Amino acid sequence: VAKASPSIIKQISEEQQMKKYLGLSVAVLMMAPGVAFADWTIIHAGEAMLVAGEDIQENVSIIIHDERISEIRNGFVGVGDIEAGDEAVEVIDLSDQFVLPGLIDSHVHLTGQVGTPLIESLTRSAEYSTLLGAKYAAITLRAGFTTVRDLGSQRYSVYALRDAINNGVVAGPRIISAGLGISVTGGHGDATNALPDAWWPQRGDVDFGNCDSPDECRYRVRTIAKRGADVIKIAATGGVLSQQGRGLNQHFTDAEMEAIVEAAHLLGLKVAAHAHGKGGIEAALRAGVDSIEHSTYTDEGTMALYLESGAYMVPTLMAFNGLRGAIAAGVFTPVVEAKARSVLESLGNSTRLAVASGVKIAFGTDSAVTPHGQNAGEFALLVEYGGMTAEQALVSATLNAADLLGVADNVGTLEAGKYADIIAVDGNPLDDVTVLEHVAFVMKGGESVGLD
Ligand SMILES: [Zn+2]
């Protein structure tokens, strides 16, 4: 291909520019005319954390072919230095930025957001939730989160969102989806808690996530798996923001949780257990769940169980910290406010214990409790309250989260063969994690994401 002059850029249609370059300060050195997207991209990274926890590289070129990383070379490689044949090549100049793998949030709820009036959230259709999810997915991606695990949506609304993103219909992160969460009747995941009896779905309704015996729980797991789940979410204990006043300790019986875990694992699905109370966390760990979400009240004995089972802790400190403003604003019902005050007092305690004990931690925010797109705010909390180094926090949001989500073959590091899910920030996040709250560049699967 003949080397194009800079004026060739003018031949790119306005629509293509909108798609490809919106909000980016990129230097396009060469682009074959008439080609919508470059087949090859070379990113010049001034500093790069290719794998969290390893040495920072300076002045490297990340060479991308279609949606995956082809090669990483030292120095800034030019268009003529790669064997692109007659395929189009673009160069993205991030020589002033710090480049790292796309971030992974292990706990979000994309199809809603706190702040919605109770009556509206109770009467909203699943279809409407899907559209909200499209909005929040785009916001999350623009914040640098290229993969998320969605741990509970109204019915199966998030499956449609996941599939639409995978098919290029709407923009958003890769989604590992739970769909309907499983709870005991009257427990944290029972959406009918605040409803008059006449509104309750009938038992046997396939879209009803409650279960109250090992047999019923196996049926729920299999129903949800059949509908398209990538992971099973259970409320092992009571929860803060639901309209139930039965405490924050164990809700499912040991036998019910064992049935859930066995049924899920036989179908190749991991189990994420929401759990606050120590007894409930420990029962879930003994039952063999793959992660504990929130993990509020724990002690040394709990940590020993974590290490024995190999489960991840997902601290979601943002969700706790976010309760401050809501309590002050008086938006909670009395049932919820009492629980919110209680958990806020223990912010970070369990995470510090886990860090000291060597328990595996995966980054998760519970976004929806706090506004979508602010996910990176969790980094500062992990450092300030959780006792983690910036590097440990970055490991939790890349390598560890990828491992927990079962996607480590494809994402979590910048290496040949993996998806080109790449972000850049102004400044070194190892010196100041808050730089991650304002990303300068986002690429998912080799396509740059407009940030405005
Ligand atoms: Zn959650």
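The zinc ion in this predicted model is coordinated by three residues: His 107 and His 109, each through NE2, and Asp 366 through OD. The coordination distances run from 2.0 to 2.2 Å. Along the chain, these donors follow the spacing H-x1-H-x256-D. Both histidines are enclosed by the protein. His 107 has a relative accessible area of 0% and is buried. His 109 has a relative accessible area of 16%, and it counts as buried because the cut-off is under 20%. Water is not among the atoms, so the site may look incomplete.

The aromatic side chains offer a second point of entry. The count of aromatic pairs comes to three. One of them joins Phe 363 and Phe 379, whose ring centres lie 4.5 Å apart. The angle between their planes is 35°, and the pair is classed as tilted because that value falls between the 30 degrees below which planes count as stacked and the 60 degrees above which they count as edge-to-face. Phe 363 is located in the loop between α12 (349-357) and α13 (377-384), while Phe 379 belongs to helix α13, so this contact ties together parts that are 16 residues apart in sequence. Phe 363 is buried, at 0% relative accessibility, and Phe 379 is likewise buried at 0%. Ring pairs also bring in Phe 145, which forms a cluster with Phe 363 and Phe 379.

Another aromatic residue, Tyr 419, is involved with two arginines. Arg 68 lies over the face of the Tyr 419 ring, at 4.1 Å from the ring centre. The charged end of Arg 174 also sits over the ring of Tyr 419, at 3.7 Å from its centre.

Helix α14 may be considered last. This helix comprises residues 390-405, 16 residues in total. From its first C-alpha to its last it reaches 21 Å, close to the 22 Å expected at 1.5 Å a residue. The helix nevertheless bends by about 40° at Ser 396. Helix α14 is mostly covered, with 12 of its 16 residues buried. Ser 396, the site of the bend, is one of these buried residues. Also among them are Leu 394 and Val 395, which precede Ser 396, and Ala 397 and Thr 398, which follow. The buried set further includes Ala 390 at the start of the helix, and Leu 404 and Leu 405 at its end. After α14 comes Gly 406, which has a positive phi near 75°.

How values were computed
Residues numbered from 1 in each chain as written. Predicted model: local features only at pLDDT ≥ 70, side-chain atom pairs only at ≥ 80, totals over all residues. Heavy atoms only, no water. Donors = N, O, S within 2.8 Å, 3.2 Å for Na, K, Ca; no water. Buried < 20%, exposed > 50% of the residue type's maximum accessible area, 1.4 Å probe, protein only. Phe/Tyr/Trp six-rings, centres within 6.5 Å; stacked < 30°, edge-to-face > 60°. Helix = DSSP H or I, 4+ residues; strand = E, 2+ residues; numbered from the N terminus. Lys NZ or Arg CZ within 6 Å of the ring centre and 35° of its normal. Expected span 1.5 Å × (residues − 1). Bend = angle between axes of the 7 residues up to and from the residue.
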